[in-house]
Amino acid sequence: MNYHPPAAQSKPKASVNDLMSKALNLHQSGALDKAEKLYKKVLKADPGNADALHLSGVVAHQLGRHPRAIQLIKKAIRRDGNQVAFHTNLA
């Protein structure tokens, strides 16, 4: 399930995309705590964002919070079960 905001709210969607991009860059550079905070901001603005749920789960796993990681990745799969990476990371 993808989130599609009404046309009048296209600016917040751009903000979500910007936050996701910044979070992913931080995540890839190893700044896990900072990335996690940005993923949380994305989820506050767009609670059903499957990518943010999945990547939050990956960060949780990397930080040793395995039960939380499983919870987040399962939620991402419920949102978008067609993403192979979600299933792979859950395994």
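**Why the helix names and labels fit**

Me: His66 has its place in helix α4. Why is His66 called buried, exposed or partly exposed?

Reply: His66 has a relative accessibility of 38%. Buried means under 20% relative accessible area, exposed over 50%, and partly exposed in between (1.4 Å probe, protein chains only). His66 therefore counts as partly exposed.

Me: Before we go on, what kind of model is this?

Reply: This is a predicted model, in which local features need pLDDT of at least 70 and side-chain atom pairs count only at pLDDT 80 or more, while totals for chains, interfaces and linings use all residues. Residues are numbered from 1 along each chain as its sequence is written, and side-chain values use heavy atoms, with hydrogens and water left out.

Me: Thanks! What makes the link between His66 and His61 a polar contact?

Reply: The side chains of His66 and His61 come to 3.0 Å of each other. A polar contact is a pair of N or O atoms within 3.5 Å; within protein, one must be able to donate a hydrogen and the other to accept it, and residues adjacent in sequence count only if both atoms are side-chain atoms. The 3.0 Å of this pair falls within that limit, so the label applies. Leaving out residues up to four places away in sequence, His66 touches Ala60 and His61, where touching, or contact, means heavy atoms within 4.5 Å.

Me: How many helices and strands does the protein chain have?

Reply: The protein chain has five helices and zero strands, and its elements run α-α-α-α-α from the N terminus on. Here helices (H or I, at least four residues) and strands (E, at least two) are DSSP runs, numbered from the N terminus. Of the 91 residues in the protein chain, 34% count as buried.

Me: What is the expected reach of α3, and where does that value come from?

Reply: Helix α3 covers residues 50–62, which is 13 residues. The expected span is 1.5 Å times one less than the number of residues, giving 18 Å for α3. From first C-alpha to last, α3 reaches 18 Å, close to that expectation. At its start, a side-chain oxygen of Asn49 comes to within 3.1 Å of the backbone nitrogen of Asp51. Just after α3, Gly64 takes a positive phi of about 85 degrees.

Me: How do you know that α3 is largely enclosed by the rest of the structure?

Reply: Ten of its 13 residues are buried, so the description fits. Among them are Leu53, His54, Leu55, Val58 and Val59.

Me: What makes α2 and α3 roughly antiparallel?

Reply: The axes of α2 (residues 32–45) and α3 cross at roughly 150 degrees and come within 9 Å. Angles under 35 degrees count as roughly parallel, over 145 as roughly antiparallel, 65 to 115 as roughly perpendicular and the rest as oblique. The pair α2 and α3 is therefore roughly antiparallel. Leu32, Glu36, Tyr39, Val42 and Leu43 in α2 meet Ala52, Leu53, Leu55, Ser56, Val59 and Gln62 in α3.

Me: And how do α3 and α4 lie relative to each other?

Reply: Their axes come within 7 Å and cross at roughly 160 degrees. That makes α3 roughly antiparallel to α4. The residues in this contact include Leu53, His54 and Gly57 of α3, and Ala69, Leu72 and Ala76 of α4.

Me: Ala76 is part of α4. Why is Ala76 called buried?

Reply: Its relative accessibility is 0%, so Ala76 meets the cut-off for buried. Leaving aside neighbours within four places in sequence, Ala76 is in contact with Ala50, Leu53, His54 and Phe86. The C-alpha atoms of Ala76 and Phe86 are separated by 7.1 Å, with the two residues ten apart along the chain.

Me: Are His27 and Leu63 buried or partly exposed?

Reply: His27, in helix α1 (residues 10–28), has a relative accessible area of 9% and is therefore buried. Leu63, in the loop between α3 and α4, is at 31% and so counts as partly exposed. Neighbours within four places aside, Leu63 is in contact with Leu32, Asp33 and Glu36.

Me: What makes Glu36 buried?

Reply: Glu36, in helix α2, is at 13% relative accessibility, so the label buried holds. Beyond four places in sequence, Glu36 is in contact with Val59, Leu63 and Arg65.

Key:
Axes fitted to C-alpha atoms, helices over the stretch in contact; angles between N-to-C directions.
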